[in-house]
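Here is a short report on how some helices and strands are arranged in this protein. It covers strand pairing, helix packing and two unusual loop residues.

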Amino acid sequence: MNDALIVHGRAFHSRLIVGTGKYRSFQEMARAHAASGAEMVTVAVRRVNLTDKSKESLLDYIDRSKIFILPNTAGCYTAEEAVRTARLGREVGLSEWVKLEVIGDQQTLFPDTQALIEATRVLVKEGFVVLPYTNDDLIVARRLVDAGAAAVMPLAAPIGSGLGIQNAANLRILRERITEVPLIVDAGVGTASDATIAMELGADGVLMNTAIAEAQDAVLMAEAMRDAVAAGRKAFLAGRIPKKLYASASSPLTGVVR
């Protein structure tokens, strides 16, 4: 299928984006990345060795000829902190793209949406391609698009919770009303069916980390997520049948000889 995910003019043939944290080893991470088929992985700028080349780094286990690195500002709690972290990632050569996170609450890791919008405006003016992690609120999403975001990335559930899609109605609304940029579900996926549901609701992609990295078999789960995202996308494009209260015969009786 010629059905690429287009973000800021760049095409990705996989609609699954994966992370780099929580794996039991860098080797396992690399195997999971390969199994997932992902062409974009997100890397926390503040949690990677960027300066001491003599020490092992997760970047050593990412084939940058095949995988696009998306730096993120995980761990930032103010707009100013997130902007500085994004600038650092660009200065050390990671990318001018950034998955923008500005956390507002330490326990839930829900985003500070006001600070997120502010940081998006600043970074877009500085030439960054900004993909903000946000909640599933339409008004916030619209303001992020107006601020120049290259995608909108609403959570399905709290980061790392594995709860799956908690508010399908909001994601459907976002799908209908956010059409200028890709809609990528980010956070909360626990298993393959969650990823499929997100795609069936019309998401353009799914970003996940914990669901793969902390699975008992990370590589096998990465394969499952790859297939789940692809299946959900095909189902969305195919168009599901309407839901009905009563039965409808699979084999119509019209023309049957009695």
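Strand β6 (residues 97-100) pairs with β7 in the parallel sense, over 4 bridges. Within this pairing, Val98 stands opposite Val130 in β7. The model is predicted.

How many residues of strand β7 (residues 129-134) are buried? The count is 6 of the 6 residues, so β7 is largely enclosed by the rest of the structure. In a regular strand the side chains alternate between the two faces of the sheet. Both faces of β7 are covered. On one side sit Val129, Leu131 and Tyr133, and these are all buried. On the other side sit Val130, Pro132 and Thr134, also all buried. Val130, the residue that Val98 stands opposite, thus belongs to the second group.

**Helix packing**

Three helix pairs are set out below.

| Helix pair | Angle between axes | Axis separation |
|---|---|---|
| α6 (residues 192-200) and α8 (residues 218-238) | about 25° | 7 Å apart |
| α1 (residues 26-36) and α8 | roughly 20° | within 7 Å |
| α2 (residues 79-91) and α3 (residues 113-125) | about 35° | 9 Å apart |

Take α6 and α8. They pack at an angle of about 25°. That makes α6 roughly parallel to α8, because angles under 35 degrees count as roughly parallel. α6 passes α8 in a right-handed crossing. From α6, the contact uses Ala192, Ala195, Thr196, Met199 and Glu200. From α8, it uses Ala224, Met225, Ala228, Val229, Gly232, Arg233, Ala235 and Phe236. By class, the residues of this contact divide into 9 nonpolar, 2 polar and 2 charged.

Helix α8 also packs with α1. Their axes cross at roughly 20°. That makes α1 roughly parallel to α8. α1 passes α8 in a right-handed crossing. Glu28, Arg31, Ala32, Ala35 and Ser36 come from α1. They meet Ala218, Val219, Ala222, Glu223 and Arg226 in α8. The contact of α1 with α8 has 5 nonpolar, 1 polar and 4 charged residues.

The pair α2 and α3 packs at an angle of about 35°. Here, α2 passes α3 in a right-handed crossing. The α2 side offers Ala79, Glu80, Val83, Ala86 and Arg87. The α3 side offers Ala115, Glu118, Ala119, Val122 and Leu123. The contact of α2 with α3 divides into 7 nonpolar, no polar and 3 charged residues.

**Two loop residues with positive phi**

Where is His8 found? His8 is in the loop between β1 (5-7) and β2 (10-12). His8 has a positive phi of about 50°, although it is not a glycine. Its relative accessible area is 56%. The cut-off for exposed is over 50%, so His8 is exposed.

Ala187 is not a glycine either, yet it has a positive phi of about 95°. Ala187 lies in the loop between β9 (184-186) and α6. Is Ala187 buried or exposed? At 8% relative accessibility, Ala187 counts as buried, because the cut-off for buried is under 20%.

Together, these two residues show positive phi in an exposed setting for His8 and a buried one for Ala187.

Methods
Residues are numbered from 1 along each chain as its sequence is written. This is a predicted model: local features need pLDDT of at least 70, side-chain atom pairs count only at pLDDT 80 or more; totals for chains, interfaces and linings use all residues. Side-chain values use heavy atoms; hydrogens and water are left out. Axes are lines fitted to C-alpha atoms, for helices over the stretch in contact, and angles run from 0 to 180 degrees between N-to-C directions. Angles under 35 degrees count as roughly parallel, over 145 as roughly antiparallel, 65 to 115 as roughly perpendicular and the rest as oblique. A crossing is left-handed if the near helix is turned anticlockwise from the far one by less than a right angle, and right-handed if clockwise. Contact means heavy atoms within 4.5 Å. Ala, Val, Leu, Ile, Met, Phe, Trp, Tyr, Cys and Pro count as nonpolar, Asp, Glu, Lys and Arg as charged, and the others, Gly among them, as polar. Buried means under 20% relative accessible area, exposed over 50%, partly exposed in between (1.4 Å probe, protein chains only). Two strands pair if DSSP finds at least two bridges between them.
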